[in-house]
Amino acid sequence: QVQLVESGGGLVQAGGSLRLSCAASQNLFSIAHMGWYRRPPGKQRELVATITSGGKINYAESVKGRFTISRDNARNMVFLQMNNLKPEDTAVYYCNSDGFQVGVPNRLYWGQGTQVTVSS
């Protein structure tokens, strides 16, 4: 069974920083894409940032220059450094990853989510 476990969410004042971490199970391999999405209150889930195993990165326009995504391929981990946070960044943040398990074709996996709340 594959698990993605997020950590690092919390409450922070506007202008502050948080660092999110996500660890995917070690039984998941050949991970091409890892990323972060978020669901603001009352809205649909949206892309925050993605990163490939080769280091190609994509950011949502709203977070460019403030958020930095990175990954540790050896440990199946992805990180999101969030600086200069704004109240509109308040959301549940979800980690996702593709990958293979033994006997299971490549598919997408999601974490349970971690709450980030930015107060004004």
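In this predicted model, strands β9 and β10, the latter spanning residues 104-110, pair in the antiparallel sense over five bridges. Within that pairing, S97 has Y109 of β10 as its bridge partner, and in the hairpin that the two strands form, with two residues between them, G103 adopts a positive phi near 80°.

Strand β9 has further partners. Strand β4, which covers residues 33-39, runs antiparallel to β9 and is joined to it by six bridges, with M34 standing opposite S97. Strand β11, residues 114-119, also pairs with β9 in the antiparallel sense, here over three bridges, and in β11 it is V116 that serves as the bridge partner of A91. Of the 11 residues of β9, nine are buried, so this strand is largely enclosed by the rest of the structure.

The same strand also takes part in a covalent link. A disulfide joins C22 to C95, with a distance of 2.0 Å from S to S, and the count of disulfides comes to one. The link connects distant parts of the chain, since C22 belongs to strand β3 (residues 18-24) and C95 to strand β9 (residues 91-101), 73 residues apart. Both cysteines, C22 and C95, are buried, and the link between them is left-handed, with -75° about the S-S bond.

From the disulfide we can turn to the nonpolar interior. The largest nonpolar core has 28 residues, and those with the most contacts inside it are W36, V48, F67, V78, L80, M82 and Y93. Two or more residues of this core are given by each of β3, β4, β5 (46-52), β7, β8 (77-82), β9 and β11, and the largest share, four residues, comes from β3. V78 offers a view of these surroundings: leaving out residues up to four places away in sequence, V78 touches both C22 and C95 of the disulfide, and its other contacts include L20, M34, W36, I51 and I69.

Charged side chains form another set of links, for the structure holds five salt bridges. In one of them, the side chains of D89 and R66 meet at 2.7 Å, N to O. D89 lies in the loop between β8 and β9 and R66 in the loop between β6 and β7, so the pair ties together parts that are 23 residues apart in sequence. Are these two charged residues buried or exposed? D89 has 0% relative accessibility and therefore counts as buried, and R66, with a relative accessible area of 9%, is buried because this value is under the 20% limit.

The side chain of R66 also makes polar contacts with the backbone: one of its polar atoms lies 2.9 Å from the backbone oxygen of S62, and the side chain reaches the backbone oxygen of N84 at 3.0 Å. Apart from neighbours within four places in sequence, R66 is in contact with several residues, among them Q81, M82, L85 and K86.

Two other salt bridges can be followed in the model. R38 forms one with E46, the closest N and O atoms being 2.7 Å apart; here R38 is buried, with a relative accessible area of 4%, whereas E46 counts as partly exposed at 29% relative accessibility. R75 and D72 meet through their side chains in a salt bridge of 2.8 Å, N to O, and R75 is partly exposed, with a relative accessible area of 47%, as is D72, with 22%. Through salt bridges that share partners, R38, E46, R66 and D89 are joined into one network.

Technical notes. Residues are numbered from 1 along each chain as its sequence is written. This is a predicted model: local features need pLDDT of at least 70, side-chain atom pairs count only at pLDDT 80 or more; totals for chains, interfaces and linings use all residues. Side-chain values use heavy atoms; hydrogens and water are left out. A disulfide is a pair of cysteine sulfur atoms within 2.5 Å. Buried means under 20% relative accessible area, exposed over 50%, partly exposed in between (1.4 Å probe, protein chains only). Two strands pair if DSSP finds at least two bridges between them. A polar contact is a pair of N or O atoms within 3.5 Å; within protein, one must be able to donate a hydrogen and the other to accept it, and residues adjacent in sequence count only if both atoms are side-chain atoms. Contact means heavy atoms within 4.5 Å. A nonpolar core is a set of buried Ala, Val, Leu, Ile, Met, Phe, Trp, Tyr and Cys residues joined through side-chain atoms within 4.5 Å. A salt bridge is a side-chain nitrogen of Lys or Arg within 4 Å of a carboxyl oxygen of Asp or Glu.
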